[in-house]
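Here are a few notes to read alongside the structure, in case you are opening it for the first time. They start from one residue and work outwards.

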Amino acid sequence: MFFYVSKTFWFFAQPFNLATFILAAGLVATFFGRKRLGALGSLIALLILALCAWTSAGALLLHPLEERFHRPAQLPEHVDGIVVLGGGLEGEINFVRGGYEMNSAGDRFVEAVLMAQRFPQAKILVSGGVGSVLTKAEADADTAVRFFSAFGIPRERLIIEDRSRNTAENAAFSKQMVNPKPEENWLLVTSAFHMPRSVGLFRKVGFPVIPWPADYSTTGQERFGLFVDDDPVHSLQLTTVAVREWIGLAGYWLAGYIDNIFPAPG
């Protein structure tokens, strides 16, 4: 139920859709003679789009998320396993074409390969099913078999968890599959902005992990300004990612999936 509620809510809450719905409501109001209400709706829609696409708001919202967890200065000499969360592969394309096409979060899998080579005895748990509702896609965990094989990593090192549809299920199903022992060291590889929520969820299910963030979207040095990005679509994407993650943190906290609204190191 939580999965479908969150998907429905996000469909209406993501900035571009929200602006579109508000604009449509304003046009309807104007059609029925409520010109002031219609003008207000148009103005709000324009402000949402302008703030998201023509300012650095998205990068500033991502900063605290990406800076929350840093890579440890020194890793343990022995690492038992590496957990890489799905979301970095183009499931719809791979479902049709095969292969292992990556999206903007593909650095998760690049880092997982590097860590797998650094710790050749470590197991690699790939957690990621099909999170789409309306389209057919291949689970990232299933695509990962081909991906890691291309880098010479044998299938027997992989643990495939292809049922999860969101991060809460990533954590719960991963814990069920490996049942980690207290003395074991497991790395968690996911996007830097996604690490606070991910760590909070893994802690909640009793799966201690060592954060290894990847896929940074900002430099951490951006300041608020207008037209700071040559590509307004990219700015809109950053804002959409940031808003979704902050809403996700709040929603998971309210639903009891994480103990703190903004999980911290330690």
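## Notes on the model

1. Asn-94 has a relative accessibility of 2%, so it counts as buried. Keep in mind while reading that this is a predicted model. Asn-94 sits in helix 5, which covers residues 91-97.

2. What does Asn-94 touch, if we skip residues up to four places away in sequence? The list is Leu-89, Gly-99, Tyr-100, Glu-101, Glu-138, Thr-143 and Arg-146. One of these, Tyr-100, leads on to the next point, as it belongs to an aromatic cluster.

3. That cluster is made up of Tyr-100, Phe-109, Phe-147, Phe-148 and Phe-151. For the wider picture, there are 17 aromatic pairs in the structure. Take Phe-109 and Phe-148: their ring centres are 6.4 Å apart and their planes meet at 50°, so this pair is tilted.

4. Where do the two partners of that pair lie? Phe-109 is in helix 6 (residues 107-118) and Phe-148 is in helix 7 (residues 140-150), so the pair ties together parts that are 39 residues apart in sequence. Both Phe-109 and Phe-148 are buried.

5. Phe-148 also pairs with Phe-147, and here the ring centres are 5.3 Å apart with the planes at 90°, so this pair is edge-to-face. Are these two residues buried or exposed? Phe-147 has 3% relative accessibility, so it is buried. Phe-148 comes out at 0%, so it is buried as well.

6. Now step back to the chain as a whole. Its secondary structure comes to 10 helices and five strands. Of the contacts with a separation of 6 or more, 74% are between residues 24 or more positions apart.

7. On overall shape, a compact globule of 266 residues would have a radius of gyration near 18 Å, and the chain's 20 Å agrees with that, which is why I have no query here. The C-alpha trace spans about 70 × 40 × 35 Å along its principal axes.

8. How much of the chain is buried? Buried residues make up 45% of the 266. The accessible surface is about 14,100 Å², and carbon and sulfur atoms account for 60% of it.

9. Last, the charges. The chain has 23 positive and 25 negative ones, and the mean positions of the two sets are 8 Å apart.

Notes:
Residues are numbered from 1 along each chain as its sequence is written. This is a predicted model: local features need pLDDT of at least 70, side-chain atom pairs count only at pLDDT 80 or more; totals for chains, interfaces and linings use all residues. Side-chain values use heavy atoms; hydrogens and water are left out. Helices (H or I, at least four residues) and strands (E, at least two) are DSSP runs, numbered from the N terminus. The radius of gyration is taken over C-alpha atoms; the globule rule is 2.2 Å times the number of residues to the power 0.38. Buried means under 20% relative accessible area, exposed over 50%, partly exposed in between (1.4 Å probe, protein chains only). Contact means heavy atoms within 4.5 Å. Accessible areas come from the Shrake-Rupley method with a 1.4 Å probe; for residues, only the protein chains shown count as cover. Lys and Arg count as positive and Asp and Glu as negative; His and the chain ends are not counted. The place of a charge is taken as NZ of Lys, CZ of Arg, CG of Asp or CD of Glu. Rings of Phe, Tyr and Trp (its six-membered ring) pair if their centres lie within 6.5 Å; planes under 30 degrees apart count as stacked, over 60 as edge-to-face and the rest as tilted.
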